[in-house]
Amino acid sequence: MALIGLVILAGLPAAGILSHDFVFDSLPIIKQNPNVHSLLSWWRAFGQEYWPPPFVGLYRPLSIITFALQWAAGGGSPALFHAVSIVLYVVVTLTVYRLASGLIPRPAAWAVAALFAVHPLHTEAVASAVNQSELLVALMVTGAVALYLSARSVGSLRPGPASIILLLYAAACFTKEHGVVLPGLLLAAELTVLPRADAKSRPGLRAFFLMCLVIGLGFVAIRSEVLQGDLVGTFTAEALAGSDLSGRFLTMLAVVPEWTRLLFWPAHLQTEYAPQEIVAATGWGWGQTLGAVILLTAFAAALVGYRRNRVVTFSMLWLAVTLFPVHNVLIPTGVVLAERTLLLPSVAAVLLVGVAFRALGERLRGEGRPWVVPVAAGVVLLLGAWRTAARYPAWRDHFTAFDHMVVDAPLSYKAHFGRADLLAQRGRNAEAEAEYRLAIELYPASPRPYQGLGDLYRRNGLCWGAIE
């Protein structure tokens, strides 16, 4: 019955997306991508970039093969893609329950998984078909950690579970790049929640982690070869372009409060954080101060948790490891912040909330108020389910998504530029012109709104305006 409850919480709010169309990156990567429209020579995906021409960058061959399988099975219908996304999300939720059950008592573990199921932050990963790679990696990584905890808690790591974990690791890497973090999570478990390995099991563990290193380095080597030596494999986000290491550090330090808000109280959601929603930092301000306070508090909690409750320390390390691929300080990426990239870190966030609820419940039970925590948890679940269900309609189609984007992120030039393109396609020229000009006003450094406005004028015979 407990598992059925989790299935309902994860699946029911998302049921409406079955009638949705492809949106955003799902269009060039799935709907308009010839590499996805045929299963002939599917193995060639391992030698091709993720983005189809004329775009370039990234390397996710298993994602492309997964999309091709769904395209063939459903004849290109977005409904099948959305159905698969819902099923994947349900299975990820159940896997989170299994992981949490290995760390805390089952009632608390159920609450953790239930919070994960209704977390509004996950709507981007579930609603956009192209983000199935996030769901797949979350499933593989979380499942591998749960299996590792189960196998190691009774002694040495046996060959059977070790082989499955290594296969999951390889599959996660070739599905999306951040799958490489799995060994870091396993080491975090070894340092915190697992018993100290005895002399008999240490050689096997060393061999296992050596194999993880071989798989990780092998993936990086293959990816680098396909991307012609490009380690990053993508462009640099506008808010980070031209910044040195110290500038990126200051910019990302101000993003830490946004990460925290989205993980623990995602009342406001938005699909775009481009300038001027997030801008490059040139000095120390309130955002940097708040970010530093949050990081120091998290570090202190990890230290205290190591003595009192190592699940807290494990959760903090999980956050650090899973956020590392998008921290942007050492290596800048194409996004400063994207809600879909927080799916895997959110596992630790809900685990921390579950630990806090359990500790508070034990204290209140001793004071004769055992009902407070269940009621509070119920209210949080209802709020999460309501916010999640209310957010999914924003992804109905491309035009609806951009309508919501300019409301959710009014300072993002990309939101207004994208909506202007769609308005121009529909012949709503005056509205398109206003959106192009607003995009230019918000971020004059980008050439794209100028080109879009120039094309709009050219198509309508306003040659001098187009030239200008």
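Q: Which residues does Ile 104 touch, not counting residues up to four places away in sequence?
A: In this predicted model, Ile 104 is among the residues with the most contacts inside the largest nonpolar core. Not counting residues up to four places away in sequence, the residues that Ile 104 touches are Ala 109, Val 112, Val 311, Leu 351 and Val 355.

Q: Which helix gives the largest share of the largest nonpolar core, and how many residues does that share hold?
A: The largest nonpolar core has 130 residues, and Val 145, Tyr 148, Phe 208, Trp 259 and Trp 318 are among those with the most contacts inside it. The largest share of this core comes from helix H7 (residues 132-152), with 13 residues.

Q: How many residues does the second, separate core have?
A: Apart from the core of 130 residues, there is a second, separate one that includes Phe 22, Leu 27, Tyr 50 and Phe 67. In soluble globular proteins, nonpolar side chains tend to be buried together. The size of this second core is 16 residues.

Q: Is Phe 24 buried or exposed?
A: Phe 24 is placed in the loop between helix H1 (2-11) and helix H2 (26-31). Its relative accessibility is 18%, and the cut-off for a buried residue is under 20%. Phe 24 therefore counts as buried.

Q: What separation lies between the C-alpha atoms of Phe 24 and Phe 399?
A: Not counting residues up to four places away in sequence, Phe 24 touches Thr 271, Trp 395, His 398, Ala 401, Phe 402 and Met 405. Phe 399 stands 375 residues from Phe 24 along the chain. The separation of their C-alpha atoms is 9.7 Å.

Q: Which helix gives the largest share of the lining of the largest cavity?
A: The structure holds 3 cavities of 30 Å³ or more, and the largest has a volume of about 50 Å³. Its lining consists of Phe 24, Thr 271, Arg 391, Ala 394, Trp 395, Ala 401, His 404, Met 405 and Asp 408. By class, this lining has 5 nonpolar, 2 polar and 2 charged residues. The largest share, 4 residues, comes from helix H17 (residues 398-408).

Q: How many residues of each class, nonpolar, polar and charged, does the lining of the second largest pocket have?
A: The second largest pocket holds about 790 Å³ of space. Of the 26 residues that line it, Val 256, Ile 294, Leu 295, Ala 298 and Leu 323 lie nearest its centre. By class, the lining has 23 nonpolar, 3 polar and no charged residues.

Q: Which element gives the largest share of the lining of the second largest pocket?
A: The second largest pocket has a lining of 26 residues. Two or more of them come from each of helix H11 (245-253), helix H12 (256-264), helix H13 (286-308) and helix H14 (310-323). The largest share, 9 residues, comes from H13.

Q: Against which helices do the buried residues of H11 pack?
A: In H11, the buried residues are Gly 247, Arg 248, Leu 250, Thr 251, Met 252 and Leu 253. These buried residues pack against H12 and H13.

Q: Why is there no bond between the sulfur atoms of Cys 173 and Cys 212?
A: Cys 173 counts as buried at 0% relative accessibility, and Cys 212 likewise counts as buried at 4%. The structure holds 0 disulfides. The closest cysteine sulfur to that of Cys 173 is in Cys 212, and for Cys 212 the closest is in Cys 173. No bond joins the two because their sulfur atoms are too far apart, at 9.2 Å.

Conventions. Residues numbered from 1 in each chain as written. Predicted model: local features only at pLDDT ≥ 70, side-chain atom pairs only at ≥ 80, totals over all residues. Heavy atoms only, no water. Buried < 20%, exposed > 50% of the residue type's maximum accessible area, 1.4 Å probe, protein only. Contact = heavy atoms within 4.5 Å. 1 Å grid on protein atoms, 1.4 Å probe; cavity = no way out; pocket = protein on both sides within 12 Å on 5 of 7 lines; lining within 4 Å. Points joined across faces, edges and corners; volume = space filled by probe spheres on them. Nonpolar A, V, L, I, M, F, W, Y, C, P; charged D, E, K, R; others polar. Core = buried A, V, L, I, M, F, W, Y, C linked by side-chain atoms within 4.5 Å. Disulfide = S-S within 2.5 Å.
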